Amino acid sequence: MWPASLLAGAGASVFTALMSAPVDLIRERLRNGLHRSPTAALRAAISGPKQWQGLYVGVIPTICRALPFETLECGVFGSLRRWMRKKRPANTPLTARDNLFLGVMTGALVGAAVAPLDLVVTRVLVNPTRYSGLVASVRTIAREEGFRGLFAGSLQKLSREAAA
């Protein structure tokens with residue numbers, strides 16, 4: 001059962017990344033003040049030499065982030081549920097509060113684990129000429145900002161992931 005659910009989760013992650021890539025690109029460029037409107041961001045993305053392919057800048061790092069995130073999220077949540085059930089008397093169901101706590105802990109743990117990938121995705125989407133790919137981007141950030149630079153903005157991202 002686990003391999004089938006992992007495969008389904010991986011397929012869903014890739015499909016979601018492909019479908020949401022244009023929206024993610026426009027959102028990040030607006031968030032970082034590169035454009036004043038979604039229309040301007042869209043025009044800028046498709047007016048370059050790649051034309052419509054420009055909407056998919058950063059899709060590979062996005063997939064590389066989504067796959068481990070979704071896989072870890074399922075595994076960590078399941079492990080935490082089993083751990084919590086062992087700590088309770090037999091046949092005692094988990095409450096809504098327990099599940100909420102487990103969800104927050106899962107989001108925080110997995111968010112911390114994939115924070116560097118999340119940072120790379122954002123940098124590639126915002127500045128694709130400077131950050132060209134996953135490995136090159138990690139090297140550039142580590143070289144210019146040090147190892148800690150890979151975790152820039154992690155606290156905000158952890159808050160977002162824990163709440164999701």
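Guide: Let's start with burial: a residue counts as buried under 20% relative accessible area, as exposed over 50%, and as partly exposed in between. Please keep in mind that the model above is predicted.

Visitor: Why is Ala10 called partly exposed?

Guide: Its relative accessibility is 23%, and partly exposed is the class between 20% and 50%, so that is where Ala10 belongs. You will find Ala10 in helix H1, which covers residues 2–31. Its C-alpha atom is separated by 20 Å from that of Ala112, 102 residues apart along the chain.

Visitor: What makes Asp24 buried?

Guide: The relative accessible area of Asp24 is 16%, and the cut-off for buried is under 20%, so Asp24 is buried. Asp24 also has its place in helix H1, and its side chain makes a polar contact of 3.0 Å with the side chain of Arg27. Asp24 and Arg27 are linked with Glu28 and Arg31 in a network of salt bridges.

Visitor: Why is the pair Arg31 and Glu28 called a salt bridge?

Guide: The closest N and O atoms of Arg31 and Glu28 are 3.2 Å apart; the limit is 4 Å, so the pair qualifies. Both residues lie in helix H1, three residues apart, about one turn of the helix. As for burial, Arg31 has a relative accessible area of 52%, and is therefore exposed, whereas Glu28, at 5%, counts as buried.

Visitor: How many salt bridges does this rule count?

Guide: The count comes to six. One of them joins Arg123 and Glu145, with 2.8 Å between the closest N and O atoms. That pair links distant parts of the chain, with Arg123 in helix H5 and Glu145 in helix H6, 22 residues apart. Arg123 has 19% relative accessibility, which is under 20%, so it counts as buried. Glu145, at 35%, is partly exposed.

Visitor: Which side chains meet in a salt bridge of 2.1 Å, N to O?

Guide: Those of Glu144 and Arg130. Here, too, distant parts of the chain are linked: Glu144 is in helix H6 and Arg130 in the loop between H5 and H6, 14 residues apart. Glu144 has 43% relative accessibility and counts as partly exposed; Arg130, with 42%, is partly exposed as well.

Visitor: How do you know that the end C-alpha atoms of H6 agree with the expected span?

Guide: H6 has twelve residues, 134–145, and at 1.5 Å a residue they should span 16 Å; the end C-alpha atoms are 16 Å apart, which agrees. The buried residues of H6 are Ser137, Thr140 and Ile141. Seen down the helix axis, these buried residues fall within an arc of 95°, so they line one face of H6. They pack against helix H5, residues 115–126, while Arg139 and Arg143 are exposed on the other side of H6. After the helix comes Gly146, with a positive phi near 80°.

Visitor: How does the span of H4 compare with what it should be?

Guide: H4 has 18 residues, 96–113, which should span 26 Å, and its end C-alpha atoms are 26 Å apart, which agrees. Among its buried residues are Asp98, Leu102 and Val110.

Visitor: Which residues make up the largest nonpolar core?

Guide: There are seven: Val57, Leu119, Val120, Val124, Tyr131, Ile141 and Leu150. Three of them come from H5, the largest share. A second, separate core has five residues, including Ala45, Leu55, Val121 and Leu125. Back in the larger core, beyond its neighbours within four places in sequence, Tyr131 is in contact with Arg123, Val124, Ser137, Thr140, Ile141 and Glu145.

Visitor: Why does Asn127 count as partly exposed?

Guide: Asn127 has 27% relative accessibility, which lies between 20% and 50%, so partly exposed is the right class. Asn127 has its place in the loop between H5 and H6. Its side chain is joined to that of Thr129 by a polar contact of 3.1 Å. The C-alpha atoms of Asn127 and Leu34 are separated by 9.7 Å, although these residues are 93 residues apart along the chain.

Visitor: What is the phi of Asn91?

Guide: It is near 60°, a positive value in a residue other than glycine. Most residues other than glycine have a negative phi. Asn91 is found in the loop between helices H3 and H4, and at 81% relative accessibility, over the 50% cut-off, it counts as exposed.

Terms used: Residues numbered from 1 in each chain as written. Predicted model: local features only at pLDDT ≥ 70, side-chain atom pairs only at ≥ 80, totals over all residues. Heavy atoms only, no water. Helix = DSSP H or I, 4+ residues; strand = E, 2+ residues; numbered from the N terminus. Expected span 1.5 Å × (residues − 1). Buried < 20%, exposed > 50% of the residue type's maximum accessible area, 1.4 Å probe, protein only. Arc of directions from axis to C-beta. Contact = heavy atoms within 4.5 Å. Core = buried A, V, L, I, M, F, W, Y, C linked by side-chain atoms within 4.5 Å. Polar contact = N/O pair within 3.5 Å; in protein donor to acceptor, adjacent residues only side chain to side chain.
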